[in-house]
Amino acid sequence: MEIDQSKNEESSQDKWVYDSCVDHKGRIPVRASTGAWKASVFIIVIEFSERLSYFGLATSLIIYLTKVLHYDIKTAAKSVNYWSGVTTLMPLFGGFLADSYLGRFSTVLLSSIVYLLGLIVLTMSRVVPALWPCGAAAPCSEPRKIHEVFFFLAIYCISVGTGGHKPSLESFGADQFDEDHPVERLHKMSFFNWWNSGLCCGLLLGVTVVVYVQDHVSWAAADLILTAVMALSILIFCLGRPRYRFRKPAGSPLTPLCRVAIAAFRKRRLAADQLHEAAKLDKGRQLFHTDKLRFLDKAAIVEAEKQSPWRLATVTEVEEMKLMINMIPIWITTLPFGICVAQSSTFFIKQSTTLDRSIAGGKFTIPPASTYALAAIGMIAAVVVYDKILVPFFRRVTGNERGINILPRIGIGMCFTALSMVVAAAVERKRLKSDSNSMSVFWLAPQFLIIGVGDGFALVGLQEYFYDQVPDSMRSLGIALYLSVIGAANFLSSLLITVVDRVTEKGGKSWFGKDLNSSRLDYFYLLLAGITTANLAVYAFVVSRYSYKNVRKTTVGVDDFYDADARNMA
């Protein structure tokens with residue numbers, strides 16, 4: 001009888017998905033017809049479209065600001081960093097809304113519409129004559145204010161759209177894989193690698209085809225293409241709805257964290273004895289107790305049979321609080337990596353404008369922003385080698401199903417990033433000593449490729465880390481935390497440029513002149529390499545003391561997770 005019951009349970013697990021998700025009609029999902037790669041394809045399509053638009057705009061933004069709006073290089077670089085910073089910090093708000101109230105599917109759809117509106121306004125600023133930068137008289141030495149207003153309104157509208165789109169879509173894609181199913185769990189570990197491969201394909205087309213249209217046809221034509229592609233991808237995303245697995249919003253994920261902090265403070269004088277844990281959780285999975293940050297354990301001390309949730313927390317809630325606190329040092333020590341990455345879309349691109357970009361005997365000129373394609377190639381190569389060669393090899397050697405743990409993977413990427421800054425400094429020094437007009441733009445290839453390889457390890461690792469290690473109810477916010485590393489790093493990059501500019505100007509000559517030939521970017525790159533290298537030692541120390549999330553493996557029944565109002569979710 002026990003053998004028959006075990007077989008029935010296995011058969012049920014293979015047919016149905018019991019991980020607290022529902023299908024588009026609010027029912028228990030059928031494994032064969034929902035989720036996994038069959039659903040992820042639709043999700044990756046809209047990510048491809050968004051990255052096509054984002055990188056088509058982001059990599060050429062510094063060119064537009066200097067050539068069309070006539071900003072100097074320092075002001076243009078800071079403007080790009082501010083926009084990139086806002087774009088990558090907005091997901092903190094979008095991720096919170098997705099996890100707490102709207103749900104991931106609804107947040108993706110609404111934010112994609114906002115993104116589309118931003119593209120429409122951007123197109124108008126370049127198509128409607130009354131909004132042109134120079135009106136009927138082109139070119140001009142200074143753009144009209146009306147164009148600047150509509151231009152910045154459009155790109156910051158795109159920032160708002162990205163704020164909901166990025167954290168929700170990536171976590172929604174990962175949600176399509178059941179962590180309790182052995183096959184789907186392994187596929188989920190590959191999901192982030194192939195997600196970024198799709199992302200890089202959008203990036204490649206964005207910095208080649210779209211940038212070529214911007215450079216050789218018109219900015220307006222490129223905007224029309226991006227708007228049409230985004231509209232089509234929203235339609236495709238909606239068509240995939242019957243195949244998706246949905247998770248019901250769990251309410252504010254910050255409330256349990258606040259309860260733990262308040263309960264621990266109230267019982268700070270008590271000695272930890274018997275700790276409270278719920279027999280089963282309404283949502284999410286139980287966590288094992290750990291010995292770190294033991295002062296928080298006081299929140300789970302049982303004082304009486306019935307206590308207010310603001311005075312008694314479960315062990316799992318306490319451990320979730322510990323997870324969030326343990327993430328703070330990791331977040332801080334990855335910021336120097338983000339500052340280095342910020343240079344690839346600003347100064348790296350600007351360097352290419354001073355070099356010989358002609359190929360095929362001078363018959364074709366590479367647009368400056370298209371050089372960023374080399375970083376995408378490096379990232380794709382790193383992801384493929386990692387997923388297809390390194391992971392299987394280290395699985396066999398270590399017995400770890402991840403192959404390489406997440407945090408060491410990030411550290412490897414940070415090493416490549418520091419190396420890219422050293423290489424960039426050497427190339428820039430050669431450019432300053434040479435006739436840059438005769439120096440091939442492919443001298444920049446090593447620094448782009450190396451930083452791309454670093455992204456393949458560190459950026460993908462950060463995505464997986466912040467998705468996997470946050471509490472289950474905060475997955476979208478977890479992706480937003482990963483993006484906030486890049487956002488905060490962009491603001492820090494702008495601040496660093498300002499500080500270095502003022503300090504070196506007092507010393508006689510600023511490292512940032514009116515143009516690249518009067519600047520010393522090589523010194524700035526070496527400064528970044530030094531900061532990143534010193535930070536690696538701190539990061540290694542933090543990683544050596546880090547404890548990964550430890551989930552209790554439990555078998556649950558259908559009734560443990562599904563209730564009547566689940567039908568209202570989708």
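This section describes the packing of helix α13 against helices α7 and α15, and a pocket lined in part by α7 and α15. The model is predicted.

Helix α7 spans residues 182-216 and helix α13 residues 373-398; their axes come within 8 Å and cross at roughly 165°. Because angles over 145 degrees count as roughly antiparallel, α7 and α13 are assigned to that class. The crossing of these two helices is left-handed. On the α7 side the contact includes Leu186, Met189, Trp194, Cys200, Leu203, Leu204 and Val207, which face a set of α13 residues including Ala373, Ile377, Ile380, Val383, Val384, Asp387 and Arg395. By residue class, the contact of α7 with α13 comprises 15 nonpolar, five polar and three charged residues.

The axes of α13 and α15 come within 7 Å and cross at roughly 45°, and the two helices are therefore oblique to each other. Their crossing is right-handed. Residues of α13 in this contact include Leu374, Ala375, Gly378, Ala382 and Leu390, whereas α15 contributes, among others, Phe448, Leu449, Ile451, Phe457 and Val460. The contact of α13 with α15 divides into 15 nonpolar, three polar and one charged residue. Ile377, Met379, Val383 and Tyr386 of α13 take part in the contact with α7 and also in that with α15.

The second largest pocket has a volume of about 510 Å³. Its lining consists of 20 residues, with Met189, Glu401, Arg402, Asp468 and Lys549 nearest the centre. Two or more lining residues come from each of α7 and α15 (445-469). The lining of this pocket comprises six nonpolar, four polar and ten charged residues. Met189 also belongs to the contact of α7 with α13.

How values were computed: Residues numbered from 1 in each chain as written. Predicted model: local features only at pLDDT ≥ 70, side-chain atom pairs only at ≥ 80, totals over all residues. Heavy atoms only, no water. Axes fitted to C-alpha atoms, helices over the stretch in contact; angles between N-to-C directions. Helix = DSSP H or I, 4+ residues; strand = E, 2+ residues; numbered from the N terminus. Parallel < 35°, antiparallel > 145°, perpendicular 65-115°, else oblique. Left-handed = near helix turned anticlockwise from the far one by under 90°. Contact = heavy atoms within 4.5 Å. Nonpolar A, V, L, I, M, F, W, Y, C, P; charged D, E, K, R; others polar. 1 Å grid on protein atoms, 1.4 Å probe; cavity = no way out; pocket = protein on both sides within 12 Å on 5 of 7 lines; lining within 4 Å. Points joined across faces, edges and corners; volume = space filled by probe spheres on them.
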